[in-house]
Amino acid sequence: MTRPPLPAPVRRTLSLARKETFQIIRDPSSILIAFILPLILLFLFGFGISLDANSIRIGIVVQDGRADARSLIQAFEASSYFDVVTAFDQAELEPVLVSGKLRGLVIIPSDFSERLRARDPTPIEILTDGSQPNTAQFVTNYAQGVFGVWQARLFGDAAAKPSAAITPQPRFWFNAELTSRYNLVPGSTAVVMTIIGTLLTALVIAREWERGTMEAVLATPVSRIELLLSKILPYFLLGMSSLVLCAIAAVFVFDVPFRGSVFALVAVAAAFLVPALGQGLLISAVTKNQFVAAQLALFTGFLPATLLSGFIFEISAMPLPIRTVTTVIPARYFVTSLQTLFLAGDVWSVLLPAITRMLAVGTFFLTLTWLATPKRIT
């Protein structure tokens, strides 16, 4: 029994998609961007970049050499947050702080033990490098925490905090150890797929315009929809292949927990590729030049996905005009969805609105691309 022939539009679309697939396979730069670059970025964000405040190098100025002061120094040395250097003169460590080799100084005054035993207010001075505000805040908070725990252990909780009626016991859901890698690795997947969806698509199709092969395609009896579908399908499959690579590396190489379902991950990634590919096609259709296409893809795709998606910087901390701009950046919703899938699971109240917004932006880009693509060249 013979199969019925496929409709002519489907045959034309599949033929053009097959041609596009062969071009991708024969182009070393496409393979490099699709598979080698994602691995490099994943290893960079997974191993090379960390937002965790561990082993911060600080100095302790010891102006009191008695047992209580030595015990406090040992508490700082035992903390995993600090890498401690001690000195007896503040002037010895100040140049090291200025040079950036130390992030803070803890000064134990000469009357520290006397005040402590007399139960008088016992201040310790904390100097931090304000040129890096986040690290300075970490040093201050962690140093106060170490001092509070040490004082409670020395006198007992009741003696250290006689008026404390409430003792908070913080718990962290989804990421109990607050490991930044658990956020960075899923977020880097969004950056990788932005490169494949936007940058690679814009470059390769702009190259066709430069070489004249796009005009040859447009001279054939092919509709704009068939042309766009034939360009989208190969890069869509390439993007999904990259997603599989990133997910496997995240779970088995970087030990990031994956608490969601494969179905939800595929659905979110497919929704994100619609605006990413649409943006790349629009750039190539408007510019028709590789250099200009690369610049536009960089400034409208890669940089927003890195800086304005919540991948590294909290969107809630941005000014209102910038927060407004982020509402039309698909990577913002993709990063949130990936972090939710990996750390929390299939939270559809988060995933469904994100998928809807990504598809809406993708429809807008594809409509503009359809309007910018000529019907036919005869």
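In which hand does α8 pass α11 in their crossing? I looked this up in a predicted model, where local features need pLDDT of at least 70, side-chain atom pairs count only at pLDDT 80 or more, and totals for chains, interfaces and linings use all residues. Residues are numbered from 1 along each chain as its sequence is written, and side-chain values use heavy atoms, with hydrogens and water left out.

Entry one, the helix pair. I find that α8 passes α11 in a right-handed crossing (the near helix is turned clockwise from the far one by less than a right angle). Helices here are DSSP runs of H or I, at least four residues, numbered from the N terminus. I noted a packing angle of about 30° for α8 and α11, with the axes 8 Å apart; axes are lines fitted to C-alpha atoms over the stretch in contact, and angles run from 0 to 180 degrees between N-to-C directions. The two helices are therefore roughly parallel (angles under 35 degrees).

Entry two, the contact. I listed residues with heavy atoms within 4.5 Å; among them are Gly 197, Ile 205 and Trp 209 of α8, and Phe 272, Gly 280 and Ser 284 of α11. By class, I recorded 14 nonpolar, seven polar and no charged residues in this contact (nonpolar: Ala, Val, Leu, Ile, Met, Phe, Trp, Tyr, Cys and Pro; charged: Asp, Glu, Lys and Arg; polar: the others, Gly among them).

Entry three, the lining. I noted that Ile 205, Trp 209, Leu 281, Ser 284 and Ala 285 are among the residues that line the largest cavity (on a 1 Å grid over the protein atoms alone, a set of points where a 1.4 Å probe fits but cannot get out; lining residues have an atom within 4 Å of a point).

Key: On a 1 Å grid over the protein atoms alone, a cavity is a set of points where a 1.4 Å probe fits but cannot get out, and a pocket is an open set with protein on both sides within 12 Å along at least five of seven lines; lining residues have an atom within 4 Å of a point. Angles under 35 degrees count as roughly parallel, over 145 as roughly antiparallel, 65 to 115 as roughly perpendicular and the rest as oblique.
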